[in-house]
Amino acid sequence: MADLKLTDVAKTYGGTVDVLKNINLDIKQGELIVFVGPSGCGKSTLLRMIAGLESITAGELQIDGVVVNDVPPAQRGIAMVFQSYALYPHMTVRDNMSFALKLAKKTTSEIDAAVAKASKILQLEEYLDRLPKALSGGQRQRVAIGRSIVRDPKVYLFDEPLSNLDAALRVATRIEIAQLKESMPESTMIYVTHDQVEAMTLASRIVVLANKGIAQVGTPLELYERPENEFVAQFIGSPAMNLLSGEIVETGALTTVKLDGGGTAVSAVPTQAADKGLKVNIGVRPEDLIETTGDYIYEGQVNFTEALGEVTLLYFDTAGADASVLGKLPGIHADLRGKTVRMSAEPGKVQIFHNGQSLYYR
């Protein structure tokens, strides 16, 4: 297994189109790193650069301290699991999993041992003599993962491996990947997805990509509880974080923000005396808003409710407001539709952003 280090890595097409710039990232052995971001942010491009399927325009990629910019993919010690499975349809599961080892001139006993070990980990023993067409989508994806495991690579790369599965299979296969990682604690894995749930449940650390670079790197809870900027605040979490504009009126260990909509927010983000009068946005996640009859962050009429069983989403009438606001209350609250509701939040749940950046990280 291996460490990876990317230093000032960039990717440019045609000498003029920048896709990625100034990518600096240290990945330690045993981590499961997840790349997330909006479509077109360069997630898969970065993964393919690590694999050697895309050239690196600038910067340096090291695997275990060795620069591999010009090393062919087959010699990097990397195995990749693709979105499309990429199985040979005329080969059995056993042959699909052993094919790379045969090309590497491994002995029959080595091949049999590697296939037996991988098929046991992935619970594929009873399917070894089947063709891919006789397997479900989830089973095919497990075969694709098994084909990587038998090679015993330094790094595993997953390129949106669950995108082709339906919702139920996606949940089941996600759990299988999490269990696979637990059974291989020393393995280093890099996983690309656009699904926040996959990122939050699988990752040791998440790398959020945006604007041709890295917006933030951190554990799932760090990104959820302390986003460094407004982009991460609204990208991580579903529904997205509410952002409301206002002005700092009291500073100190607790910061008070008078909101443009008339409410008042108290945040546990500390500020200095010089910050008084600063124009900011406060951020509160819908699930952190609570109904109140006293001091409030937001007051509005509930236009529409969505009762999801365990929670109810509240959509407020935002006519003339500078931002839309969404509430998320536990239980069923269909009776709130059409009523004016006041919402507040605990100071520890209120973020403060200035010029798009969190004041917490100054």
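Arg342 is partly exposed, with a relative accessible area of 30%, and in this predicted model Arg342 forms a salt bridge with Glu299, in which the closest N and O atoms are 2.9 Å apart. Because Arg342 lies in strand β19 (residues 340–344) and Glu299 lies in strand β16 (residues 298–307), the pair ties together parts that are 43 residues apart in sequence. Glu299 also counts as partly exposed, at 36% relative accessibility.

**Salt bridges**

- A search of the whole structure finds 9 salt bridges, and as a general point, side chains of opposite charge can pair when their charged atoms come close.
- Glu54 and Lys11 meet through their side chains in a salt bridge of 3.6 Å, taken from N to O; this pair links distant parts of the chain, with Glu54 in the loop between α1 (43–51) and β4 (58–63) and Lys11 in strand β1 (residues 4–13), 43 residues apart.
- Glu54 also meets the side chain of Arg48 in a salt bridge of 3.7 Å, N to O, and Lys11, Arg48 and Glu54 are thereby linked in a network of salt bridges.
- Within this network, Lys11 is buried, because its relative accessible area is 4% and buried means under 20%; Glu54 counts as buried at 19%, whereas Arg48 counts as partly exposed at 29%.

**The open sheet**

- An open sheet of 6 strands follows the order β6-β7-β8-β3-β9-β10, with mixed pairing.
- Strands β6 (78–81) and β10 (213–218) stand at the edges and have a single partner strand each, so one side of each is left without a neighbour in the sheet.
- On average, neighbouring strands of this sheet are turned by 20° against each other, with direction ignored.
- Helix α4 (residues 137–149) packs on the sheet, where it touches β6 and β7 (155–159), and the direction of α4 makes about 175° with that of β6.
- Strand β3 (residues 32–36) pairs with strand β9 (residues 205–210) in the parallel sense over 4 bridges, and Val34 stands opposite Ile206 in β9.

**Thr188 in strand β8**

- Thr188 is found in strand β8 (residues 188–192) and counts as buried, at 0% relative accessibility.
- The side chain of Thr188 reaches the backbone nitrogen of Gly30 at 3.2 Å.
- Although Thr188 and Leu4 are 184 residues apart in sequence, they are 9.0 Å apart in space, C-alpha to C-alpha.

**The chain as a whole**

- The chain contains 8 helices and 21 strands, and of its 362 residues, 48% count as buried.
- Among contacts between residues at least 6 apart in sequence, 66% join residues at least 24 apart.

Terms used:
Residues numbered from 1 in each chain as written. Predicted model: local features only at pLDDT ≥ 70, side-chain atom pairs only at ≥ 80, totals over all residues. Heavy atoms only, no water. Helix = DSSP H or I, 4+ residues; strand = E, 2+ residues; numbered from the N terminus. Buried < 20%, exposed > 50% of the residue type's maximum accessible area, 1.4 Å probe, protein only. Polar contact = N/O pair within 3.5 Å; in protein donor to acceptor, adjacent residues only side chain to side chain. Pairing = 2+ DSSP bridges. Axes fitted to C-alpha atoms, helices over the stretch in contact; angles between N-to-C directions. Contact = heavy atoms within 4.5 Å. Salt bridge = Lys/Arg side-chain N within 4 Å of Asp/Glu carboxyl O.
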